[in-house]
Amino acid sequence: MYERTYDTDWDALDRDEAMSRAFAIGVAASLGHDHTDEYERIVAEMDTSYDRSIVELAFEEGKNKAKKARPEADSGGEEGVWSELVEGETVTVDRDEVPTGGQNRLPAALDKTEILDRSDIDSRDRVSKPDFLEK
């Protein structure tokens with residue numbers, strides 16, 4: 001799985017790429033796939049102890065998320081967990097494709113409220129004292 005998603009023939013990594021790879025290796029480790037050499041190589045690539053600790057945290061986060069996702073994964077099994085956590089795609093919505101009207105319309109409770117758009121109240125009444133406070 002890891003080799004399919006990431007190229008293992010790299011010369012240098014920045015911290016973000018290292019974190020992404022460490023997270024994926026953590027997911028793979030939780031699924032029973034060992035990439036210890038690649039993980040150690042990634043950690044060794046980091047210049048500072050701070051960067052190394054961030055990469056280690058990403059690895060642990062990958063392991064933890066995969067453990068939580070594993071029981072909840074639908075019939076996809078290991079591939080489903082890997083796809084969800086590592087290869088997950090960002091979903092974007094094109095405004096032109098948003099349905100309007102009909103059965104796909106949002107519930108009325110989610111419509112814009114007009115309570116604050118009242119023009120029948122004088123603007124001074126909104127900020128004046130209530131009658132019972134005036135003497």
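Arg41 sits in helix 3 of what is a predicted model. With a relative accessible area of 34%, Arg41 counts as partly exposed, since that value falls between the 20% that bounds buried residues and the 50% above which residues are exposed. Leaving out residues up to four places away in sequence, Arg41 touches Thr8 and Trp10. Ala18 is 23 residues away from Arg41 along the chain, and the C-alpha atoms of the two lie 9.9 Å apart.

Stepping back to the whole chain, the protein has 6 helices and 0 strands, so read from the N terminus the order of elements is simply α-α-α-α-α-α. Of the 135 residues, 26% are buried. Among contacts between residues at least 6 apart in sequence, 65% link residues at least 24 apart.

Helix 3 packs against helix 2, with the axes 10 Å apart and at an angle of about 155°. That angle is over 145 degrees, and the two helices are therefore roughly antiparallel. The contact is built from Ala18, Arg21, Ala22 and Ile25 on the helix 2 side, met by Glu38, Tyr39 and Ile42 from helix 3. As for handedness, helix 2 passes helix 3 in a left-handed crossing.

Ile42 turns up again in the largest nonpolar core, a set of 26 residues in which Val27, Ile42, Trp82 and Leu85 have the most contacts. Helix 2 (15–30), helix 3 (36–45), helix 4 (49–72) and helix 5 each give two or more residues to this core. The largest share comes from helix 2, which puts in 7 residues.

Val27 gives a closer look at how this core is wired. Setting aside neighbours within four places in sequence, the contacts of Val27 are Gly62, Lys63, Ala66, Val81, Trp82, Leu85 and Val86. Two of these partners, Trp82 and Leu85, are themselves among the core residues with the most contacts.

Helix 5, spanning residues 77–85, has Val81, Trp82 and Leu85 as its buried residues. These three lie on the same side of helix 5, because the arc they cover around the axis is only 95°. The general geometry of an α-helix fits this picture: with 3.6 residues a turn, residues three or four places apart point the same way. Val81, Trp82 and Leu85 also all appear in the list of residues that Val27 contacts.

Technical notes: Residues are numbered from 1 along each chain as its sequence is written. This is a predicted model: local features need pLDDT of at least 70, side-chain atom pairs count only at pLDDT 80 or more; totals for chains, interfaces and linings use all residues. Side-chain values use heavy atoms; hydrogens and water are left out. Buried means under 20% relative accessible area, exposed over 50%, partly exposed in between (1.4 Å probe, protein chains only). Helices (H or I, at least four residues) and strands (E, at least two) are DSSP runs, numbered from the N terminus. The arc is that of the directions from the helix axis to the C-beta atoms. A nonpolar core is a set of buried Ala, Val, Leu, Ile, Met, Phe, Trp, Tyr and Cys residues joined through side-chain atoms within 4.5 Å. Contact means heavy atoms within 4.5 Å. Axes are lines fitted to C-alpha atoms, for helices over the stretch in contact, and angles run from 0 to 180 degrees between N-to-C directions. Angles under 35 degrees count as roughly parallel, over 145 as roughly antiparallel, 65 to 115 as roughly perpendicular and the rest as oblique. A crossing is left-handed if the near helix is turned anticlockwise from the far one by less than a right angle, and right-handed if clockwise.
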